[in-house]
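Please open the model in a viewer and keep the selection panel at hand. The tour proceeds by selections, each followed by a description of what is found there.

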Amino acid sequence: MLSRSEIRSALLARGLEQEELFAEARRLRDRHFGPTVLLRGVIETTNVCRVNCDYCPMRRDNTQANDRYFMSADDIVERARRIRDAGIDIVLLQGGETPRQLHAVEEAIPRIRALYDGPVEVLLNLGNMRHEQYARLRAAGATSYILKHETSDPVLHQQLRHESLDDRLRCMKDLLSLGYRVGTGLISSLPGQTMESMVDDIELTGSLGVHMCSVSPFVPAPDTPLRLTRPGAVDLALNVLACLRVCYPHLLIPAVSALEKNSKGGQSRGLAAGGNVMTVNFTGDADRERYLIYGKERFVVRMQYARTVVQSSGLDFRGSVFQDESMGSDTSLTSS
Ligand code: SF4
């Protein structure tokens, strides 16, 4: 665990100091999980969103101009089959925040479980919902849920997301109370964000009782109010990642594609800074083109690329650590 002032200095570390921070983060990752990386397969089920985040091209104000899509339950299950065939046992269903997609996801989850006929983690990233809706998805067989706090500064959160941080945190509590394994996450280098607020992000993560946390450097995306803002520094994001690992070694922490988007080799460095998750994209070509999370020029992670990054980092693959005992036992992922 690091004190507040130690976190503050660690966020500024560069050169040898940064290498030492990363080495400590890797040591703690390896002690808790082994020198391994979990792979998730993501299916992006809809590009429609009721929220209006200033940094996202899928924001509500762009909805009419965007070429919208909603995947059916059949399509979701078909894509999940490809994830299973690739030897991945974490199926991530991700999409904009809209109640219109709830039924398709609810129908798809048990069918994905049946498809595996054995252990599988069904991970969701679908935004704020009511307790009763989270309960329905959990009953359908969902294991885990990503709901990022994005920034712990309540004023900045409201300014950039036009939503309340309290509502977000209330949703996280609902998820935890329902037995979900929960992931939070933050964006570093947001316009208006201070270093102190990033220290708060790290401390908030520890106080939430969550199981996963991501950090993404800010990406200025086209067709958003923040399109002309400078991209977030990858070194700062990596230092946040390493601090999270040092403070909370048990967390799953992805090396996200935004690291690669802002700096070539960024995802490799994310693993070197203590990350232990990568997400491979399994959305169909036509829908993926329309899922504008960082605009059309986003970096898309494929299976072969993930394999190369993981192996060249000297790491191995492992399976999900969150499979419910009632829904199957732990399994290992094939590294082939
Ligand atoms: S970041 Fe997520 S919640 Fe915000 S507008 Fe984009 S899809 Fe919606």
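The stops below concern a predicted model and pass from the nonpolar cores to a helix pair and then to an annotated site.

**Stop 1: the cores**

Select Ile112 and Leu124. Within the largest nonpolar core, which has 101 residues, these two touch the most other members. Now colour helix H9, residues 234-247: with eleven residues, H9 contributes the largest share of this core.

Return to Leu124 and display its surroundings. Beyond the neighbours within four places in sequence, Leu124 is in contact with Leu92, Leu93, Val105, Ile109, Leu137, Ala142, Ser144, Tyr145 and Ile146. A second core, separate from the largest one, has eleven residues; Phe33, Ile90, Leu92 and Val277 are among them.

**Stop 2: helices H4 and H5**

Select residues 102-116 (H4) and 131-140 (H5). How do two packed helices come to be described? The angle between their axes and the distance between those axes are used. Here the axes come within 8 Å and cross at roughly 25°. Angles under 35 degrees count as roughly parallel, and H4 and H5 are therefore roughly parallel to each other.

Show the side chains at the contact. From H4, the participants are Leu102, His103, Val105, Glu106, Ile109 and Pro110; from H5, they are Gln133, Arg136, Leu137 and Ala140. By type, the residues of this contact comprise six nonpolar, two polar and two charged. Val105, Ile109 and Leu137 were also met at the previous stop, as contacts of Leu124.

**Stop 3: the annotated residues**

Which residues does the UniProt annotation "binding site" cover? The unreviewed entry lists Glu150, Arg161 and Arg168. They are spread over 19 residues of sequence but cluster in space, the largest C-alpha distance being 10.9 Å.

Centre on Arg161, in helix H6. Is this residue buried or exposed? Arg161 has 5% relative accessibility and so counts as buried, the cut-off being under 20%. Leaving out residues up to four places away in sequence, Arg161 touches Val51, Asn52, Cys53, Tyr55, Glu150 and Arg168; the last two also carry the annotation.

Move to Glu150, in the loop between strand E4 (144-146) and helix H6 (154-161). Glu150 is buried, at 12% relative accessibility. Its phi is near 65°, a positive value in a residue other than glycine.

**Stop 4: His162**

Finally, select His162, in the loop between H6 and helix H7 (165-177). Phi is positive for this non-glycine residue too, near 55°. With a relative accessible area of 39%, His162 is partly exposed.

How values were computed
Residues numbered from 1 in each chain as written. Predicted model: local features only at pLDDT ≥ 70, side-chain atom pairs only at ≥ 80, totals over all residues. Heavy atoms only, no water. Core = buried A, V, L, I, M, F, W, Y, C linked by side-chain atoms within 4.5 Å. Buried < 20%, exposed > 50% of the residue type's maximum accessible area, 1.4 Å probe, protein only. Helix = DSSP H or I, 4+ residues; strand = E, 2+ residues; numbered from the N terminus. Contact = heavy atoms within 4.5 Å. Axes fitted to C-alpha atoms, helices over the stretch in contact; angles between N-to-C directions. Parallel < 35°, antiparallel > 145°, perpendicular 65-115°, else oblique. Nonpolar A, V, L, I, M, F, W, Y, C, P; charged D, E, K, R; others polar. UniProt positions renumbered as here; feature names shortened; annotations may be inferred.
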